[in-house]
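Take a moment with the sequence and the model before you read on. We will go from the whole chain to single residues.

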Amino acid sequence: CALGTWQMQRLHWKRDLLAAIDLAYDSAPQALSATGIERAAEKKILFLRGTVRGHFITEKSKHLVPRVFENRQGYHLVTPLAMDGGGTILVNRGWMPLETRADPDASGDIAVTGLLRKPDRANAFTPKNASSGNTVYSLALQGFLPYVLYPENRDEGQLPIPVGAKP
């Protein structure tokens with residue numbers, strides 16, 4: 001009987017989670033500032049659709065591994081974005097094949113629209129990140145805003161392949 005109760009609680013939790021994701025995707029993107037993002041975190045908003053403006057700090061990009069896309073090994077390219085008006089947010093620019101080690105150029109001012117959400121938490125089975133290098137197993141948010149932005153734009157045939165577009 002306890003297992004059935006747990007399963008029903010999990011079902012309701014999952015339905016509520018999917019409804020929150022759908023609600024965020026169906027809303028118009030908001031122009032976001034660092035203050036607005038911090039306010040959303042204080043309100044414990046799980047998902048927020050918005051647009052941030054600034055420039056990528058490409059020399060601080062990280063390769064979040066291991067990640068699989070269409071049965072191919074790869075990594076998520078995560079790059080800090082210095083926002084106009086202050087604040088820095090991590091942007092998961094998308095999936096890259098493992099054999100591709102040259103990150104695509106992302107210089108100049110940019111506007112990125114997508115879904116903001118908390119990063120996945122490391123668990124007991126997640127290896128520790130090395131203190132040097134750009135390969136990581138989990139994202140550390142120290143020094144960044146408390147969400148990761150997942151862009152929704154997808155240019156067919158272009159890398160990286162965004163992982164935040166609504167299915």
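Contact here means heavy atoms within 4.5 Å. With that in hand, start with Met83. Met83 touches Leu32, Ser33, Ala34, Ile37, Val52, Arg53, Gly54, Ile89 and Leu145, leaving out residues up to four places away in sequence. We will come back to this residue once the frame around it is clear.

Keep in mind that this is a predicted model. The protein chain has two helices and eight strands. Read from the N terminus, the elements run α-β-α-β-β-β-β-β-β-β. Now look at the overall dimensions. Along the principal axes, the C-alpha atoms fill a box of roughly 55 × 35 × 35 Å. A compact globule of 167 residues would have a radius of gyration near 15 Å, and the 17 Å of this chain agrees with that.

How much of the chain is buried? Of the 167 residues, 37% count as buried. Next, consider how the chain meets itself. Take the contacts with a separation of 6 or more: 65% of them are between residues 24 or more positions apart.

Now go inside. In soluble globular proteins, nonpolar side chains tend to be buried together. Here the largest nonpolar core has 18 residues. Ile37, Val52, Leu81, Ile89 and Leu116 have the most contacts inside this core. Which elements give two or more residues to it? They are helix H2 (34-42) and the strands S2 (47-56), S4 (72-83), S5 (88-97) and S6 (109-117). H2 gives the largest share of this core, four residues. Another core lies apart from this one. That other core has seven residues, among them Val78, Leu90, Val136 and Leu139.

Follow Val52 for a closer view of the large core's surroundings. Beyond its neighbours within four places in sequence, Val52 is in contact with Leu32, Ile37, Leu81, Met83, Ile110, Ala111, Val112 and Leu149. Two of these names, Ile37 and Leu81, are also among the residues with the most contacts inside the largest core.

Back to Met83. This residue sits in strand S4. Is Met83 buried or exposed? Met83 counts as buried because its relative accessibility is 6%, and buried means under 20%. Along the chain, Met83 and Phe56 are 27 residues apart. In space, their C-alpha atoms are separated by 8.7 Å.

Arg53 makes a good contrast. Arg53 is in strand S2. With a relative accessible area of 51%, Arg53 is exposed, since the cut-off for exposed is over 50%. Still, Arg53 has partners elsewhere in the chain. Leaving aside its neighbours within four places in sequence, Arg53 is in contact with Leu81, Ala82, Met83, Asp84, Ile110 and Ala111. Ala122 is another matter. Arg53 and Ala122 are 69 residues apart in sequence, and their C-alpha atoms are 29 Å apart in space.

Now visit the loops. Glu59 lies in the loop between S2 and strand S3 (62-69). Glu59 counts as exposed, because its relative accessibility is 65%. The C-alpha atoms of Glu59 and Gly114 are separated by 22 Å, with their positions 55 residues apart along the chain.

Two other loop residues have backbone angles to check. Lys44 is in the loop between H2 and S2. Its phi is near 60°, a positive value in a residue other than glycine. Lys44 counts as exposed at 68% relative accessibility. Glu70 is in the loop between S3 and S4. The phi of Glu70 is near 50°, again positive in a residue other than glycine. Glu70 is exposed too, with a relative accessible area of 64%.

One peptide bond also deserves a look. Val65 and Pro66 are joined by a cis peptide bond, with omega about -20°. Pro66 is found in strand S3.

Finish at a pocket. The second largest pocket has a volume of about 290 Å³. Which residues line the second largest pocket? They are Leu17, Leu46, Phe47, Arg117, Lys118, Pro119, Asp120 and Arg121. By class, this lining has four nonpolar, no polar and four charged residues.

How values were computed: Residues numbered from 1 in each chain as written. Predicted model: local features only at pLDDT ≥ 70, side-chain atom pairs only at ≥ 80, totals over all residues. Heavy atoms only, no water. 1 Å grid on protein atoms, 1.4 Å probe; cavity = no way out; pocket = protein on both sides within 12 Å on 5 of 7 lines; lining within 4 Å. Points joined across faces, edges and corners; volume = space filled by probe spheres on them. Nonpolar A, V, L, I, M, F, W, Y, C, P; charged D, E, K, R; others polar. Core = buried A, V, L, I, M, F, W, Y, C linked by side-chain atoms within 4.5 Å. Buried < 20%, exposed > 50% of the residue type's maximum accessible area, 1.4 Å probe, protein only. Rg over C-alpha atoms; globule rule 2.2 N^0.38 Å.
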